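Please take a moment with the sequence and the model before reading on. The paragraphs below go from the whole chain to its cores, its aromatic rings and a few single residues.

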Amino acid sequence: MNKEITTPVLFLIFNQPEITKVTFKEIRKSKPKRLFVSADGPRFNNDKDKVEWKLTRDVVMDNIDWECEVSTRFLNENIGVKRAVSPAITWFLDEVEEGILVLENFKETIKRAGDISAEQIATESKTLAGKE
């Protein structure tokens, strides 16, 4: 049985529903008390991107089945990873003193998703320092 975590989690997603499903399954096991979800918007004139982007959001939002405070930052237009991630982290840290950042395609999480625990998510995900 996994332990619930009290450290807030920021989950950065985009357009990979299958990978997001695997990663989010592990976040669900941890049942963070506060969950922040941020996604850059779909790329302009890319119909496949629009579908995958919505499916990825749904993977997360339709599977929050524990009591927690959820905050979302879903962009309607794509601004690119360089311009989307930093503001998402700033948004997160404006709300919390410290937290855990989990990426939808965090390779080590995906490779070991079958047996990862809340403690390993905390260890293997980048722990964000509190605001100065």
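Accessible areas here come from the Shrake-Rupley method with a 1.4 Å probe. On that basis, the accessible surface of the protein chain in this predicted model comes to about 7,700 Å², and 50% of that surface belongs to carbon and sulfur atoms. A residue is called buried when its relative accessible area is under 20%, and buried residues make up 42% of the 132 residues in the protein chain.

The protein chain holds 5 helices and 5 strands, and from the N terminus on these elements follow one another in the order β-α-β-α-β-α-β-α-α-β. If one takes the contacts in the protein chain with a separation of 6 or more, 81% of them are made by residues 24 or more positions apart.

The interior is a good place to continue. In soluble globular proteins, nonpolar side chains tend to be buried together. In this model the largest nonpolar core has 16 residues, of which Phe11, Ile13, Phe24 and Leu35 touch the most other members. The elements that give two or more residues to this core are strand 1 (9-13), helix 1 (17-30), strand 2 (34-39), helix 2 (47-61) and strand 4 (99-103). Apart from this core lies another one, of 10 residues, including Leu10, Leu12, Ala88 and Trp91.

Phenylalanine 24, one of the residues named for the largest core, is in contact with Phe11, Leu35, Val59, Val60, Asn63, Ile64 and Trp66, when its neighbours within four places in sequence are left aside. Two of these partners return in the aromatic picture, where Phe11, Phe24 and Trp66 form one aromatic cluster.

Helix 3 brings us to the other core, since Ala88 and Trp91 appear in the list of that core's members and are also among the buried residues of helix 3, which are Ala84, Ala88, Ile89, Trp91, Phe92 and Leu93. The length of helix 3 can be checked as well: at 1.5 Å a residue, the 15 residues of this helix (residues 81-95) should span 21 Å, and the C-alpha atoms at its ends are 21 Å apart, which agrees.

How many aromatic pairs does the model contain? The count comes to 4 aromatic pairs. In one of them, phenylalanine 36 and tryptophan 91 meet edge-to-face, at 5.3 Å centre to centre and with 80° between the planes. This pair links distant parts of the chain, as phenylalanine 36 is in strand 2 and tryptophan 91 in helix 3, 55 residues apart. Phenylalanine 36 also forms an edge-to-face pair with phenylalanine 92, at 4.9 Å centre to centre and 75° between the planes. Because phenylalanine 36 lies in strand 2 and phenylalanine 92 in helix 3, this pair ties together parts that are 56 residues apart in sequence. Phenylalanine 36 counts as buried because its relative accessibility is 1%, and phenylalanine 92 is buried too, with a relative accessible area of 0%.

A ring can also have a charged residue over its face: arginine 57 lies over the face of tryptophan 53, at 4.7 Å from the ring centre. Both arginine 57 and tryptophan 53 are in contact with phenylalanine 74, as are Ile13, Val37, Ala39 and Met61, leaving aside neighbours within four places in sequence. Phenylalanine 74 is found in strand 3 (residues 69-74), and its C-alpha atom is 4.9 Å from that of alanine 39, although the two are 35 residues apart in sequence.

Threonine 56, in helix 2, is buried with a relative accessible area of 0%, and, not counting residues up to four places away in sequence, threonine 56 touches Ile13, Phe14, Asn15, Gln16, Pro17, Thr20 and Glu104. Leucine 103, in strand 4, counts as partly exposed at 32% relative accessibility; with the sequence neighbours up to four places away not counted, leucine 103 touches Phe11, Leu12 and Thr23.

Finally, the backbone deserves a look. Most residues other than glycine have a negative phi. Lysine 31, in the loop between helix 1 and strand 2, has a positive phi of about 45° although it is not a glycine. Asparagine 45, in the loop between strand 2 and helix 2, likewise has a positive phi, of about 55°. Lysine 31 counts as partly exposed at 33% relative accessibility, whereas asparagine 45 is exposed, with a relative accessible area of 62%.

Technical notes:
Residues numbered from 1 in each chain as written. Predicted model: local features only at pLDDT ≥ 70, side-chain atom pairs only at ≥ 80, totals over all residues. Heavy atoms only, no water. Helix = DSSP H or I, 4+ residues; strand = E, 2+ residues; numbered from the N terminus. Buried < 20%, exposed > 50% of the residue type's maximum accessible area, 1.4 Å probe, protein only. Contact = heavy atoms within 4.5 Å. Core = buried A, V, L, I, M, F, W, Y, C linked by side-chain atoms within 4.5 Å. Expected span 1.5 Å × (residues − 1). Phe/Tyr/Trp six-rings, centres within 6.5 Å; stacked < 30°, edge-to-face > 60°. Lys NZ or Arg CZ within 6 Å of the ring centre and 35° of its normal.
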